[in-house]
Amino acid sequence: MQLYISPSLRHISVFPGKGFKEFIKVKVGSRRVSYRMLFYSLLFFTFLLRFVFVLTAVDTIDGENKLCSTIGCLGKRLRPGILGRRLDSNVPEVIYQILEEPMNKDELQGSSDVPQTLEDFMAEIKKSRSDAKTFAVKLREMVTLLEQRTRTAKIQEYLYRHVASSSIPKQLHCLALKLANEHSTNAAARLQLPSAELVPALVDNSYFHFVLASDNVLAASVVATSLVRNSLRPQKVVLHIITDRKTYYPMQAWFSLHPLSPAIIEVKALHHFDWFSKGKVPVLEAMEKDQRVRSQFRGGSSAIVANNTEKPQVIAAKLQALSPKYNSVMNHIRIHLPELFPSLNKVVFLDDDIVVQTDLSPLWDIDMNGKVNGAVETCRGEDTFVMSKRFKSYLNFSHPLISKNFDPNECAWAYGMNIFDLDAWRKTNISLSYHYWLEQNLKSDLSLWQLGTLPPGLIAFHGQVYVIDSFWHMLGLGYQDNTSFADAESAGVIHFNGRAKPWLEIAFPQLRPLWAKYVNFSDKFIKSCHIRASS
């Protein structure tokens with residue numbers, strides 16, 4: 001027998017052997033399925049049946065829902081691949097469904113059998129031999145509970161740090177009171193600073209002039225001591241200390257009784273400056289308005305902490321905005337340096353939470369190319385946590401007034417140790433710009449930025465910053481402890497910016513010795529107020 005199939009597959013002929021011309025002819029319609037197509041279809045369904053059998057067996061082994069039909073299991077097995085899910089996942093689909101379902105706080109509070117630890121969870125699952133759905137429900141409850149507890153603990157930590165950093169430690173309060181009493185009873189504590197023969201040096205531009213604004217006697221003493229002790233030419237150092245009215249007598253008493261010769265120390269209260277006592281002072285007007293706004297800012301600390309929707313980091317930033325330091329005249333006064341020191345050409349401004357570890361006289365050799373502010377940039381460096389700050393880190397670029405005037409990715413810089421060319425400054429409108437933006441922020445209910453003097457400083461000094469080497473200013477020692485002692489010790493100036501000030505109990509213990517070594521703990525005032533080397 002011979003089989004003949006036409007090329008078009010429309011005719012099939014069968015011939016008998018031995019030359020007998022009899023054949024069977026089968027005619028297939030043009031619109032019907034060919035035998036070849038039928039053959040491949042049967043082959044495909046044979047393979048598919050085997051595939052369904054294997055998947056069904058796997059479902060049974062996995063212990064899934066017993067009602068899962070062959071077709072249902074097939075769809076479930078194929079769906080992850082079709083929808084782009086992982087093909088190699090062995091996690092039952094019901095676990096994804098349960099974990100993706102939102103769980104509110106009330107629902108969790110109503111459940112009394114939520115495992116408290118991973119050990120409890122594993123023991124309960126092993127004991128009950130739960131299916132996948134029960135496993136996912138218990139897991140979701142436990143993780144949600146732990147998330148809520150972690151969030152609450154983090155917010156409480158931020159609140160306690162806010163309270164600790166905003167309050168005056170009793171040791172510092174004691175020191176101020178004892179020094180004020182010494183000022184009133186001891187003539188040696190009321191010396192003119194500096195002495196009459198050294199007064200001409202206060203306006204002599206051949207000296208190295210430093211400015212420190214502080215109402216913290218202990219902090220100011222560390223800055224002054226570290227500056228003079230590390231200077232190669234201390235006889236050329238002039239430190240101008242600016243303080244407020246209430247701290248003037250304690251500050252004068254301290255530096256009268258603890259001279260740093262041959263350096264020249266001037267102690268002066270704001271009301272001693274002629275410029276400050278004449279007419280209206282923009283910084284004071286802005287501070288008064290700022291204080292009124294901040295007193296009602298976000299409803300106060302209790303309302304901020306009670307917010308259950310915001311991340312702990314956002315709550316921390318809002319708490320920091322309430323800190324009294326951001327409404328302190330000592331924090332704003334640097335913007336008026338040209339008016340406060342009309343005879344000086346260049347000064348280095350120091351914050352009271354810094355420690356000087358090297359000779360700073362080379363700063364006067366830096367040519368700032370006509371720029372006003374010599375500062376360290378904070379967007380580049382090995383420490384990506386600290387040195388990753390750009391304009392968008394401080395300013396609210398969702399506000400059109402900010403977004404249309406500034407670049408969010410522009411590198412920020414730091415206050416704390418700055419070289420100010422006062423001659424170049426007097427040729428600009430930096431101070432007016434500073435107060436203009438303060439007004440705009442107050443009018444917008446603090447929506448341009450929330451805290452600090454740096455954001456308006458970034459704006460006012462925009463285009464007037466000369467970048468200096470990062471050796472001169474290491475930041476972040478007051479809000480993170482990732483910096484090693486060796487790295488901090490090798491910097492020219494270290495800055496304890498942040499809440500963990502070195503004179504507070506919340507200071508980082510491994511970094512505090514860098515500050516504490518400039519405190520004489522055997523001094524009678526320090527000892528009597530129980531100020532110790534380790535908190």
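I began with Pro262, which I found in the loop between helix H9 and strand S6, the strand covering residues 264–269. I noted that the model is a predicted one, and I then looked up the peptide bond that leads from Ser261 to Pro262, which is cis, with omega near 5 degrees.

I next turned to Pro194, which lies in the loop between H7 and strand S4 (208–213). Here too I wrote down a cis peptide bond, joining Leu193 and Pro194, with omega about 0 degrees. I kept in mind that most peptide bonds are trans, and that most residues other than glycine have a negative phi.

With that in mind I checked Asn369, which is not a glycine and yet has a positive phi of about 55 degrees. I placed Asn369 in the loop that runs between strand S8 (354–356) and strand S9 (373–375).

I then went back to H9 and asked how its helix neighbours are set against it. Two packed helices are described by the angle between their axes and the distance between the axes. For helix H7 (residues 170–185) and H9, I noted that the axes come within 8 Å and cross at roughly 75 degrees. Because angles from 65 to 115 degrees count as roughly perpendicular, I entered H7 as roughly perpendicular to H9. On the H7 side I listed Leu175, Ala176, Leu179, Ala180, Glu182 and His183 as making the contact, and on the H9 side Tyr249, Pro250, Gln252, Ala253, Trp254 and Leu257. Sorted by class, this contact of H7 with H9 has nine nonpolar, two polar and one charged residues.

For helix H8 (residues 217–229) against helix H9 (residues 245–257), I wrote down an angle of about 40 degrees, with the axes 10 Å apart. That angle makes H8 oblique to H9, and I recorded the crossing in which H8 passes H9 as right-handed. The residues that make this contact are Val217, Ala220, Ser221 and Ala224 of H8, together with Thr247, Pro250, Met251, Trp254 and Phe255 of H9. By class, I noted seven nonpolar, two polar and no charged residues where H8 meets H9.

Last, I looked for enclosed space. Rolling a probe the size of a water molecule over the atoms shows where empty space is left. I counted two cavities of 30 Å³ or more, and I looked into the second largest cavity, which holds about 40 Å³ of space. Which residues line the second largest cavity? I listed Phe208, Phe210, Leu227, Ser231, Val237, Asp359, Leu360 and Ser361. By class, I entered the lining of the second largest cavity as five nonpolar, two polar and one charged.

Terms used. Residues numbered from 1 in each chain as written. Predicted model: local features only at pLDDT ≥ 70, side-chain atom pairs only at ≥ 80, totals over all residues. Heavy atoms only, no water. Axes fitted to C-alpha atoms, helices over the stretch in contact; angles between N-to-C directions. Helix = DSSP H or I, 4+ residues; strand = E, 2+ residues; numbered from the N terminus. Parallel < 35°, antiparallel > 145°, perpendicular 65-115°, else oblique. Left-handed = near helix turned anticlockwise from the far one by under 90°. Contact = heavy atoms within 4.5 Å. Nonpolar A, V, L, I, M, F, W, Y, C, P; charged D, E, K, R; others polar. 1 Å grid on protein atoms, 1.4 Å probe; cavity = no way out; pocket = protein on both sides within 12 Å on 5 of 7 lines; lining within 4 Å. Points joined across faces, edges and corners; volume = space filled by probe spheres on them.
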